[in-house]
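Student: Could you take me through a close look at a single part of this model, and then set that part in the context of the whole chain?

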Amino acid sequence: MPGMLYLVPTPIGNLGDISQRCRETLEQADFIAAEDTRVSLKLLHYLGIKKSLVSYFEHNKAQKGEMIVQRILEGETCALVSDAGSPAISDPGEELVKQCAEAGITVCAIPGPCAVITALSISGQATGRFCFEGFLSTAKKSRKEHLESLRREPRTMIFYEAPHKLLNTLEDMAEVFGADRPISLCRELTKLHEEVVRTTLGGAIELYQDQPPKGEFVLVVAGAVPEEKAAATPEDAARRVAELMEKGISRKDAVKQAATELDLPKNIVYDASLR
Ligand code: SAM
């Protein structure tokens, strides 16, 4: 019988956020795959758990992934943890889940701390529809391309960002989305200095120019307001019918086309075209 892969979320700042189920899973797993074994050892020490650890991080994941899959296929159960938060969300782990799924291994995710959801819920922005954009590239060109692709995104957008890159990112965002776009900067979540700054992109730039950003940030940016098309008037209809008739189209067909284009009833367009 193959074992299983458990994704075990760990606190993003407050150790009290570890759940009973996460403790039990860590205790019962045959081994733990950890992004940084030193970070995870501190947590295990706090929980009083002694367990064999395997390092699994960005630069060894190809080779370690195969080894972990093999051990699970041989019947062992693995608990995957990252440095903080939910494994596989902007963390190594995405690849391991894929490999396990392909090998027919059951993957079980335990719900728990996750910076993106914690930030969204306290952002004050619309939460009904949102998109998570992870980290933007450090390369200016691809960062701008990524933002450009979101220029008309109507859903609330969530980004992870490192403090030393924050100001550049805010400046690029203001260029693409406009300085008046609302943003909530969620900093040091669940920690002593947790803070949510609800402002605009322009306001955030001013703030962090004066006071260099410190700590961990999630940026929750309001979606674009859909451009409202002004309702067409009978005068617009008359103009459009005249234009079409000048091209040799019959009044009947011009009225039909203009009514569709301008979303007006045909009789209104017809009457307007006669005036
Ligand atoms: N997998 C983790 C999760 O989804 O919770 C995120 C890991 S990602 C490598 C780290 C990023 O998450 C940080 O750069 C920051 O943007 C965000 N983050 C993590 N902990 C945070 C906290 N306590 N407060 C604000 N942002 C945090």
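**A close look at strand 10**

Tutor: Strand 10 is covered on both faces, since Phe217, Leu219 and Val221 on one side and Val218 and Val220 on the other are all buried. The model is a predicted one, and the values that follow are computed from its atoms. In a regular strand the side chains alternate between the two faces of the sheet. Strand 10 takes in residues 217–221, and because five of the five residues are buried, the strand is largely enclosed by the rest of the structure. The threshold behind that statement is a relative accessible area under 20%.

The pairing of this strand comes next. Strand 7, residues 156–161, pairs with strand 10 in the antiparallel sense over five bridges, and within that pairing Glu161 has Phe217 as its bridge partner in strand 10. Strand 8, residues 182–187, also pairs with strand 10 in the antiparallel sense, again over five bridges, and here Arg187 has Phe217 as its bridge partner. Phe217 is thus a residue to follow in the display, being the bridge partner of Glu161 and of Arg187, and belonging to the side of strand 10 that also holds Leu219 and Val221.

A useful companion to this strand is strand 4, residues 78–81, where both faces are likewise covered: Cys78 and Leu80 are buried on one side, and Ala79 and Val81 are buried on the other. The pairing sense, however, is parallel for strand 4 and strand 1, residues 4–7, which are joined over three bridges, with Leu80 in strand 4 as the bridge partner of Leu7. Strand 2, residues 31–34, also runs parallel to strand 4 and is joined to it by four bridges, and in that pairing Ile32 has Ala79 as its bridge partner.

Ile32 leads on to strand 3, residues 53–55, in which Leu53 has its place. Leaving out residues up to four places away in sequence, Leu53 touches Ile32, Ala34, Thr37, Leu41 and Leu44. Leu53 nevertheless counts as partly exposed, because its relative accessible area is 22% and the buried class requires a value under 20%. From Leu53 to Val107, 54 residues apart in sequence, the C-alpha to C-alpha distance is 19 Å.

A helical position offers another case. Ala174 is found in helix 7, residues 166–177, and counts as buried because its relative accessibility is 15%. Apart from neighbours within four places in sequence, Ala174 is in contact with Ala179, Leu201 and Ile205, while its C-alpha atom is separated by 6.7 Å from that of Gly202, 28 residues away along the chain.

Set against the whole, these parts belong to a protein with 11 helices and 10 strands, in which buried residues make up 42% of the 275 residues. Of the contacts with a separation of 6 or more, 69% are between residues 24 or more positions apart. The radius of gyration is 27 Å, where a compact globule of 275 residues would have a value near 19 Å, and the C-alpha trace spans about 90 × 55 × 35 Å along its principal axes. The accessible surface comes to about 15,100 Å², with 51% of it belonging to carbon and sulfur atoms, and the mean positions of the 33 positive and 40 negative charges are 3 Å apart.

Note on methods:
Residues numbered from 1 in each chain as written. Predicted model: local features only at pLDDT ≥ 70, side-chain atom pairs only at ≥ 80, totals over all residues. Heavy atoms only, no water. Buried < 20%, exposed > 50% of the residue type's maximum accessible area, 1.4 Å probe, protein only. Helix = DSSP H or I, 4+ residues; strand = E, 2+ residues; numbered from the N terminus. Pairing = 2+ DSSP bridges. Rg over C-alpha atoms; globule rule 2.2 N^0.38 Å. Contact = heavy atoms within 4.5 Å. Areas by Shrake-Rupley, 256 points an atom, 1.4 Å probe, with all protein chains shown as cover. Lys, Arg positive; Asp, Glu negative; His and termini not counted. Charge placed at Lys NZ, Arg CZ, Asp CG, Glu CD.
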